[in-house]
Amino acid sequence: MDTLAKRNQLALEKFRKRKGKASRAVRKPNRSLGGDIFIWIILAIFGAFFAFPLVFNINNAFKPLDEIFIFPPNLFVINPTMNNLSDLFIIMSRSWVTFTRYIFNTVFYTAAGTIGHLFFASLGAFAISKYEFPGSKFFFGLIITTLMFNPFVLAIPSFLILAQLGWIDNPLAVIIPAFGMPLGFFLLKQFMDTIPASLVEAAKIDGANEWYIYARIVMPLVKPALLTAMVFSVQALWNNPQHLLIHTEQLKTLPLAIQQIIGSPHAPNIARQGINAAGILVMMIVPIIIFILAQSNILKTMASSGIKE
């Protein structure tokens, strides 16, 4: 097995070098200086458009109440204050369920759901990408079809299924459905398609079993897609209040606790809109940090997810 590991390591290094040379050998577009300037302007406009909600929410967290309700609203805060953040933590500390409990629930649901999703999605993607079996194309097409459905469309059927299983008001109602999120499976499968079949066949000839091929050969090569799937899974679980599935206060997540503080969307508490902005800022921190750390892998995954051998 040591000889097999050395051969596979050499094959992986050759594949990485060949893929790196291919990525560096991108032909420079034949554009004029005016065309480059035009493209930069368009990109800057779209970048500012997509960054506007983020900048606006960050500034709202530090606005006093009179600036939040001013019309027309200001993008940037004029008189910054930390009162919104301090009021948020004071109110949360007075709750009969501690603030740290809500954070623990959110981190636990997110971590457990993400780990399970990456494991099962990578196994399924590996099987469909590298093996031919009856119904493989049908299953992949079925998963692609689920990408077209909005989660709200599936909310009632999912609730009925979980109720029949007796998982309502149970952490399993949040964690188990996260295992089957289709986006991560799709990204991993498309990225695995770029791995040459000859690499897998050579490992089989050398005596490697399927688990060894999956864990030691394929998974190290799909790290960008794995990190991308992780980012999307964390975002989906971290920001979801799960108000339909979790009712016990000790099991609630931080988004649901913040939602209870500011009131429902149909009857919001006007005096607590500053606290709402602070809560949004707190909830944004973790997804933003994870995205910044994994952004290069996300771009690499999106660029190569449609490439075939």
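A residue counts as exposed when its relative accessible area is over 50%, as buried when that value is under 20%, and as partly exposed in between. In the predicted model described here, Ile 115 has a relative accessible area of 59% and is therefore exposed. Ile 115 belongs to helix H5, a helix that runs over residues 99-130 and that also supplies residues to two of the helix contacts described below.

For the protein chain as a whole, the secondary structure comes to 14 helices and two strands. The chain has 309 residues, of which 35% count as buried, while its accessible surface comes to about 18500 Å², with 69% of that area belonging to carbon and sulfur atoms. Among the contacts in the chain with a separation of 6 or more, 76% are accounted for by residues that lie 24 or more positions apart.

The contact of H5 with helix H12 (residues 223-238) may be taken as a starting point; the axes of these two helices come within 9 Å and cross at roughly 145°, and H5 passes H12 in a right-handed crossing. On the H5 side, the residues that take part are Thr 106, Val 107, Tyr 109, Thr 110, Gly 113, Thr 114, His 117 and Leu 118, and they meet Leu 226, Ala 229, Met 230, Ser 233, Val 234, Leu 237 and Trp 238 of H12. When the residues of this contact are divided by class, nine are nonpolar, six are polar and none is charged. One of the H12 residues in the contact, Ser 233, can also be related to the exposed Ile 115 of H5, for the C-alpha atoms of Ile 115 and Ser 233 are 9.2 Å apart in space although the two residues are 118 residues apart in sequence.

Helix H5 also packs with helix H11 (residues 210-221), at an angle of about 105° and with the axes 11 Å apart. Because angles of 65 to 115 degrees count as roughly perpendicular, H5 and H11 are described as roughly perpendicular to each other. In this contact Phe 119, Ser 122, Leu 123 and Phe 126 of H5 meet Glu 210, Trp 211, Ile 213, Tyr 214, Val 218 and Met 219 of H11. By class, the contact of H5 with H11 has eight nonpolar residues, one polar residue and one charged residue.

A further pair of helices is formed by H6 (residues 136-146) and H9 (residues 182-192), whose axes come within 9 Å and cross at roughly 130°. This angle makes H6 oblique to H9, and H6 passes H9 in a left-handed crossing. The residues that make the contact are Phe 140, Ile 143, Ile 144 and Thr 146 of H6, together with Pro 182, Phe 185, Phe 186, Lys 189 and Gln 190 of H9. Six of the residues in this contact are nonpolar, two are polar and one is charged.

Local features of the loops were examined next. In the loop between helix H3 (65-68) and helix H4 (83-93) lies Pro 72, which is joined to Phe 71 by a cis peptide bond with omega about 0°. The loop between helix H7 (155-165) and helix H8 (172-178) contains Asp 169, a residue other than glycine whose phi is nevertheless positive, near 65°. With a relative accessibility of 26%, Asp 169 counts as partly exposed.

Trp 167 is likewise placed in the loop between H7 and H8, and at 22% relative accessibility Trp 167 counts as partly exposed, because this value falls between the limits of 20% and 50%. The C-alpha atoms of Trp 167 and Ile 246 are 9.5 Å apart in space, whereas the two residues are 79 residues apart in sequence.

A further pair of residues separated in sequence involves Ser 86, which has its place in helix H4 and, at 31% relative accessibility, counts as partly exposed. Between Ser 86 and Ile 275 the C-alpha to C-alpha distance is 8.7 Å, although these residues are 189 residues apart in sequence.

How values were computed:
Residues are numbered from 1 along each chain as its sequence is written. This is a predicted model: local features need pLDDT of at least 70, side-chain atom pairs count only at pLDDT 80 or more; totals for chains, interfaces and linings use all residues. Side-chain values use heavy atoms; hydrogens and water are left out. Axes are lines fitted to C-alpha atoms, for helices over the stretch in contact, and angles run from 0 to 180 degrees between N-to-C directions. Helices (H or I, at least four residues) and strands (E, at least two) are DSSP runs, numbered from the N terminus. A crossing is left-handed if the near helix is turned anticlockwise from the far one by less than a right angle, and right-handed if clockwise. Contact means heavy atoms within 4.5 Å. Ala, Val, Leu, Ile, Met, Phe, Trp, Tyr, Cys and Pro count as nonpolar, Asp, Glu, Lys and Arg as charged, and the others, Gly among them, as polar. Angles under 35 degrees count as roughly parallel, over 145 as roughly antiparallel, 65 to 115 as roughly perpendicular and the rest as oblique. Buried means under 20% relative accessible area, exposed over 50%, partly exposed in between (1.4 Å probe, protein chains only). Accessible areas come from the Shrake-Rupley method with a 1.4 Å probe; for residues, only the protein chains shown count as cover.
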